Amino acid sequence: MDVVAFSRVGRGATVMEIGAGTGNFLDLFSEVASHLIAIDVTEEMLQTARAEFPSMSLVMGDGTRLPFRSRSVELVSCAQMLHHVHEPLPLLKEMRRVAADDGRVLVVDQAAPESYEQTAFMNQLEAIRDPSHAASRSPSSLRVLVQTAGMEVVDEKLTTITQTMSKWMAPGEFPAERFAQVERFIERFGDETGMRFRKENDEWAFDRTRVMFLCRR
Ligand SMILES: C[S@@+](CC[C@H](N)C(=O)[O-])C[C@H]1O[C@@H](n2cnc3c(N)ncnc32)[C@H](O)[C@@H]1O
C-alpha cells in the first residue's frame, strides 16, 4: 500500500504503532525513522518482535493508556487492529493525545462495504473465522470515528486486492471444524457479504479492501 510514502513521515522521526503484533508493519518505517516503538497487549507477539527486530522499543500495554507524554511522537499508527476493538474511540483519542503538534496519526484497517447489510454479513463471517474479530467498518464509518476523536483527515486511500482462502486461512493455523464452518457460511451467504466471493483455481477467492487515513491532531 506504499504506506511509508503515504505517511509523509520525515527522516529521523519517531514512529509508534499500537497493536504492532510481531512488528512487520512497523518495520516498514525502519529506513526513515530513527526510533520505532511497538505497543501490544499480547506478550507472545512482542516476544516474536524482539527476536525479529531487536532495535525496536517494545511496550506491553493497552493502546487506550499509553505511557507516553502528550504531543511527543511524530507518527502514531495502528494497522489491521481496529477491527479487533469493540470501542475504537478511546483508542483513537489516545493516539491523538500522544501525536506531536505537527505530527500525524495513521490508521490502516480492512474496510467493510458501505452497505449496512453487507457489513453485518461480513462481520458474521469474520467472527466465525476469528472469534477475536470485533467489527470491520466501512470507510465512511472509520472517517467519522477519527473525526469524532478530534482529528482532521488530510489524506485517505483505498486499496483492493484478491485474497485467497489458502492465504486467509493458512493450512494448520485453524482447526478443521472452523475451516468447514467458514466454507459453509460462504456457500450460503457469500454473495451477501459484498466480498465478491468466487472460485479461482478450485478455491474461494474474494476482494479484500483496505483503507488508510492520514490525520492531523
Ligand atoms: C491482527 S494483529 C495486527 C498486527 C500488526 N499491526 C500487523 O499489521 O501485522 C492485531 C494486534 O493488535 C493487538 N491489540 C488488540 N487490541 C489492542 C489494544 N487495545 N492495545 C494494544 N494492542 C492491541 C493484538 O494483540 C494483536 O497483536
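Helices and strands in this tour are DSSP runs, a helix having at least four residues and a strand at least two, and they are numbered from the N terminus. The model shown is a predicted one.

**First stop: a loop before β7**

Select Arg 196, which lies in the loop between α8 (176-189) and β7 (198-200). Its phi is near 55°, a positive value in a residue other than glycine. Most residues other than glycine have a negative phi. Is Arg 196 buried or exposed, or does it fall in between? A residue counts as partly exposed when its number of C-beta neighbours lies between the limits of 12 or fewer for exposed and 20 or more for buried. Arg 196 has 15 other C-beta atoms within 10 Å, and it is therefore partly exposed.

**Second stop: the loop after β7**

Move next to Asp 202, in the loop between β7 and β8. Asp 202 also has a positive phi, of about 70°, although it is not a glycine. Here 6 other C-beta atoms lie within 10 Å, so Asp 202 is exposed.

**Third stop: strand β8 and the core**

Now select Phe 206, which is placed in strand β8. Phe 206 counts as buried because it has 21 C-beta neighbours inside 10 Å. Leaving aside neighbours within four places in sequence, Phe 206 is in contact with Gln 163, Met 195, Arg 196 and Phe 197; Arg 196 is the residue of the first stop. Display Trp 168 as well: 38 residues separate Trp 168 from Phe 206 along the chain, and their C-alpha atoms are 9.9 Å apart.

Nonpolar side chains tend to be buried together in soluble globular proteins. In this model, the largest nonpolar core has 52 residues, and Val 15, Ala 38, Met 95 and Val 107 have the most contacts inside it. Strand β8 (residues 203-216) gives the most to this core, with 7 residues.

Which residues does Val 107 contact, apart from its neighbours within four places in sequence? Select Cys 78, Leu 82, Leu 142, Val 146, Phe 213 and Cys 215 to see them.

**Fourth stop: strand β2 and its partners**

Select residues 35-40, which form β2. Of the 6 residues of β2, 5 are buried, so this strand is largely enclosed by the rest of the structure.

Add strand β1 (residues 14-18), which runs parallel to β2 and is joined to it by 5 bridges. Within this pair, Ile 18 stands opposite Ile 39 of β2. Then add strand β3 (residues 57-60), which pairs with β2 in the parallel sense over 4 bridges. Here Ala 38 has Leu 58 of β3 as its bridge partner. To follow the chain from β2 to β3, trace helix α3 (residues 43-52); this β-α-β crossover is right-handed.

**Fifth stop: the ligand**

Select the ligand and the 19 residues that surround it. The closest are Gly 19, Gly 21, Thr 42, Gly 63 and Met 81. Both α2 (24-27) and β2 supply at least two residues of this shell. By type, the shell divides into 9 nonpolar, 8 polar and 2 charged residues.

**Last stop: helix α5**

Finish at Ile 128, in helix α5 (residues 116-129). Ile 128 has 15 C-beta neighbours inside 10 Å and therefore counts as partly exposed. Not counting residues up to four places away in sequence, Ile 128 touches Gln 181, Val 182 and Phe 185. Ile 128 and Val 182 are 54 residues apart in sequence, and 6.5 Å separates their C-alpha atoms in space.

Key. Residues are numbered from 1 along each chain as its sequence is written. This is a predicted model: local features need pLDDT of at least 70, side-chain atom pairs count only at pLDDT 80 or more; totals for chains, interfaces and linings use all residues. A residue is near a molecule or strand if its C-beta atom, placed from the backbone, lies within 6 Å of it. Ala, Val, Leu, Ile, Met, Phe, Trp, Tyr, Cys and Pro count as nonpolar, Asp, Glu, Lys and Arg as charged, and the others, Gly among them, as polar. Two strands pair if DSSP finds at least two bridges between them. A crossover is right-handed if, with the strands pointing away from the viewer, the path from the first strand over the helix to the second runs clockwise. A nonpolar core is a set of buried Ala, Val, Leu, Ile, Met, Phe, Trp, Tyr and Cys residues joined through C-beta atoms within 7 Å. Two residues are in contact if their C-beta atoms, placed from the backbone, lie within 7 Å.
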